[in-house]
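Trainee: I've got a new model open and I'd like to learn how to read it. Can we walk through it together?

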Amino acid sequence: MRYAAIDIGSNAVRLLIADITKHSSTASFKKNTLIRVPLRLGDDAFLNQHISLKKADELVKTMSAFKNLIDVYKVDDYMACATSAMREAANGQDIVKRIKDEAGIDLEIVHGEREANIIYASHIEQNIDNTKNYLYIDVGGGSTELSLFTSGRFVASQSFNIGTIRMLDNQDKDETWNEMKAFILEHTRKLKGVSGIGTGGNINKLYKLSDEKDGSPLSISKLKTLYNHLNSYSLKDRINILGLNPDRADVIIPASEIYLTVMKWADIKNIYVPSVGMVDGIIQTLIEKNG
């Protein structure tokens, strides 16, 4: 079997094609092809609550290309989800219709809680010590999803309109930060020792830059050092000297700030980075849907 996942985020659009293997009663997947296109829909959505015709055209072209790849790879089932930017764009549903008509892709705009559930469908918590407490932190371009697990049991989850593109565009609000702080304190203050699990492109990149051994957590002090190091360079130098992609070099700074703030509020000393994201969760959701 072969499945495909499409994630239309606020910063980038991704296609993951994965091969499914079954061992007795369980199924797992191996990544076959991953394509990422930095469309930055969030710039339109968060500033104007509307996606411009130019960006909409680019998105439709991207979806047409993805549909061709899905056909060529003979994919058995796919799922396409759009998150924060498309949620906030007044013309989001019009673009969904265009994508259906012109690219032949069925697209679902998912609300924040469903987004969190899809991300955590990848069952990362099963691979870690389930006697401990974990706060999942997924930082995207438009929103941050937080979910708490204690002793292997899901406790609470919430989506907050705080994201990297939103911060770059000065569209994050103090009251949203306060809501996020209140959620964290309410659910973690009575717990002894909470570890973080970080997902999203930026924490994956930060983890690579940290040179930590695979599977080892990243400490808050090392993350702070990395952030200070990156922030000491101009955007241009982060691209030219540090070799970051232009669409990563700017968002990595606000992303670091979100992770560090959440870790501080939850008193998290270490964060695990399993290198998964929305597309992995979508593939897992398809596996569960198809039994």
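Mentor: Sure, definitions to start: helices (H or I, at least four residues) and strands (E, at least two) are DSSP runs, numbered from the N terminus, and two strands pair if DSSP finds at least two bridges between them. This is a predicted model, where local features need pLDDT of at least 70, side-chain atom pairs count only at pLDDT 80 or more, and totals for chains, interfaces and linings use all residues. Residues are numbered from 1 along each chain as its sequence is written, and side-chain values use heavy atoms, with hydrogens and water left out.

Trainee: What phi does Ser24 have in the turn between E2 and E3?

Mentor: Strand E2 (residues 13–23) and strand E3 (residues 26–37) pair antiparallel over 11 bridges. They make a hairpin with two residues between them. Ser24 sits in that turn, and its phi is positive, about 45°.

Trainee: Which strands are the edge strands of the open sheet?

Mentor: Six strands line up as E8-E7-E6-E9-E11-E10, with mixed pairing. An edge strand here pairs on one side only. That gives E8 (153–160) and E10 (218–219).

Trainee: Which element gives the most to the largest nonpolar core?

Mentor: A nonpolar core is a set of buried (under 20% relative accessible area, 1.4 Å probe, protein chains only) Ala, Val, Leu, Ile, Met, Phe, Trp, Tyr and Cys residues joined through side-chain atoms within 4.5 Å. The largest one has 38 residues, and Tyr259 is among those with the most contacts inside it. The top contributor, with nine residues, is H12.

Terms used
Buried means under 20% relative accessible area, exposed over 50%, partly exposed in between (1.4 Å probe, protein chains only).
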